[in-house]
Amino acid sequence: MEYCAPGTLAEACAALGAASGTVKVMAGGTDLLPRFAAGTPRPALVIDIKKVPEAREIRQLSDGGFVIGSACSGNQISAQTALVASWPGLTEAMDLIGSVQIQGRASLGGNLCNASPAADSVPALIAARARCRIAGSNSERELPVEDVIVSPGRTCLRQDEFIVSFSLPARPQRSADAYLRMTPRTEMDIAIAGAAVNLTLDEHGVIQECHVVLGAVGPIPVYALAAARILLGTRLEDEVRQRFKRQVSVMCRPISDKRGSAEYRTDVTAVLAERAALVAYSRAMA
Ligand SMILES: Cc1cc2nc3c(=O)[nH]c(=O)nc-3n(C[C@H](O)[C@H](O)[C@H](O)COP(=O)(O)OP(=O)(O)OC[C@H]3O[C@@H](n4cnc5c(N)ncnc54)[C@H](O)[C@@H]3O)c2cc1C
C-alpha cells in the first residue's frame, strides 16, 4: 500500500487522477485504519488530505456564513467560538464523536464519507443546509450534503473525487439548531437514534423555516420534511409537539438489533426530535 500526503489541492487532485489501482482518501483515519486492521482489503494508494490547506481551514465569510475544511477535526471545530455560537447543533454533534483521542483526529468529511447511518454530524449538516465542495482530477462541483450518501457505506463520489470543504449559509436573526442522540451506553458508543433540528423564528417567536433530520433510523439520514412542516407557523405548542412526534415516528424505518429494537428506536427518535426542537427554539429566542 502506497501512501502520499499532498501539500496542495492541485497535488491531491493530480494524485487522484494518476492513481491506477484502488485509492482511498484519508483524513483522521479513525474509520479507515480500524477497517484495515479488521482485514478489509487495502487500497493500492492512500491519499492523506490533512496537509491540503483548503481541507484544514475554517473561515467566516463576509455574509456571516462559514467554510469548514473537510479534514477539520472535532477539536478544531469546537475551538472556533464564532462557529459554535452560530451553529451550536452542528458543533455539539461533532463534539459527541468518540473520545478525547478520536476528537483530535476524526473529521467532518470522514464522518460524512464513511456513510454510516449512525454518523452524528450528518443529520446536523443536512439540517443546516450545508453544501460540499467536491474536487476531482479534472473537475470541481458542489452538492447539498443530503445528496452525498446513497446507501450504508456508499457515497456518490467518484474514485477520483474528494470533499474539500463544507459551506454553511449565513444565519438569519432568531435562528438556531440542536442535535441530540441516544446511545445504549454512556461512554464511547454510536447512536441508536439521533435528531437534528434547525429553525428560524419571526419577531413574534413563530417558526418561519424549519429543517428536521433523523439519524440511525434508516439506511441513510431521513430528511423529515413532513414533520418539519407541522412546526411551521407555530410556537411549538403542546398539541403541535404531539402531532410532530407522531409524524416523526411514521418517518422512522430503523432496524432491530442487539442495541435496540425498531420500536424502541422509533419511540426514542420522536422524543429526541421533540427535545431538539425545544432546544433549538429556546436558543433562537435567546
Ligand atoms: C473509538 C471510536 C469511537 C467513535 N465514535 C463515534 C461517534 O460517537 N459518532 C460517530 O458518528 N462516529 C464515531 N466514530 C467513527 C469515526 O470516528 C467518525 O466517523 C469520524 O468522523 C471519521 O472521520 P475520519 O477523518 O477519521 O475519517 P477517515 O477514517 O479518514 O475516513 C473515513 C471514510 O471517509 C473517506 N473520506 C475521508 N475524508 C474524505 C473526504 N474529504 N472526501 C472523500 N472521502 C473521504 C475515507 O476514504 C473513508 O472511506 C468512532 C470511531 C472510533 C474508532
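Q: What is the order of the strands in the open sheet of 5 strands?
A: The model under discussion is predicted. In this model, the 5 strands of the open sheet pair in the antiparallel sense. Read across the sheet, their order is 4-5-10-6-7.

Q: Which strands stand at the edges of this sheet?
A: A strand at the edge has a single partner strand, so one side of it is left without a neighbour in the sheet. This applies to the strand of residues 58–60 and to the strand of residues 140–144. The edge strands are therefore strand 4 and strand 7.

Q: Which residue of strand 5 stands opposite Gln60?
A: Strand 4 and strand 5 (residues 66–69) are paired in the antiparallel sense, over 3 bridges. Opposite Gln60, strand 5 places Phe66.

Q: At about what angle does helix 1 run to strand 6?
A: Helix 1 comprises residues 9–18 and lies across two strands. These are strand 10 (161–168) and strand 6 (131–136). To strand 6, helix 1 runs at about 60°.

Q: Which helix gives the most residues to the largest nonpolar core?
A: The largest nonpolar core has 88 residues, and Ala273 and Ala276 are among those with the most contacts inside it. One helix, spanning residues 262–285, gives 9 residues to this core. That helix, which gives the most, is helix 12.

Q: With which residues is Ala273 in contact, leaving aside its neighbours within four places in sequence?
A: Ala273 is one of the residues with the most contacts inside the largest nonpolar core. Once the neighbours within four places in sequence are left aside, its contacts are Ala195, Val197, Val212, Leu214, Ala227, Lys245 and Val248.

How values were computed. Residues are numbered from 1 along each chain as its sequence is written. This is a predicted model: local features need pLDDT of at least 70, side-chain atom pairs count only at pLDDT 80 or more; totals for chains, interfaces and linings use all residues. A nonpolar core is a set of buried Ala, Val, Leu, Ile, Met, Phe, Trp, Tyr and Cys residues joined through C-beta atoms within 7 Å. A residue is buried if 20 or more other C-beta atoms lie within 10 Å of its own, exposed if 12 or fewer, and partly exposed in between; C-beta atoms are placed from the backbone. Helices (H or I, at least four residues) and strands (E, at least two) are DSSP runs, numbered from the N terminus. Two residues are in contact if their C-beta atoms, placed from the backbone, lie within 7 Å. Two strands pair if DSSP finds at least two bridges between them. Axes are lines fitted to C-alpha atoms, for helices over the stretch in contact, and angles run from 0 to 180 degrees between N-to-C directions.
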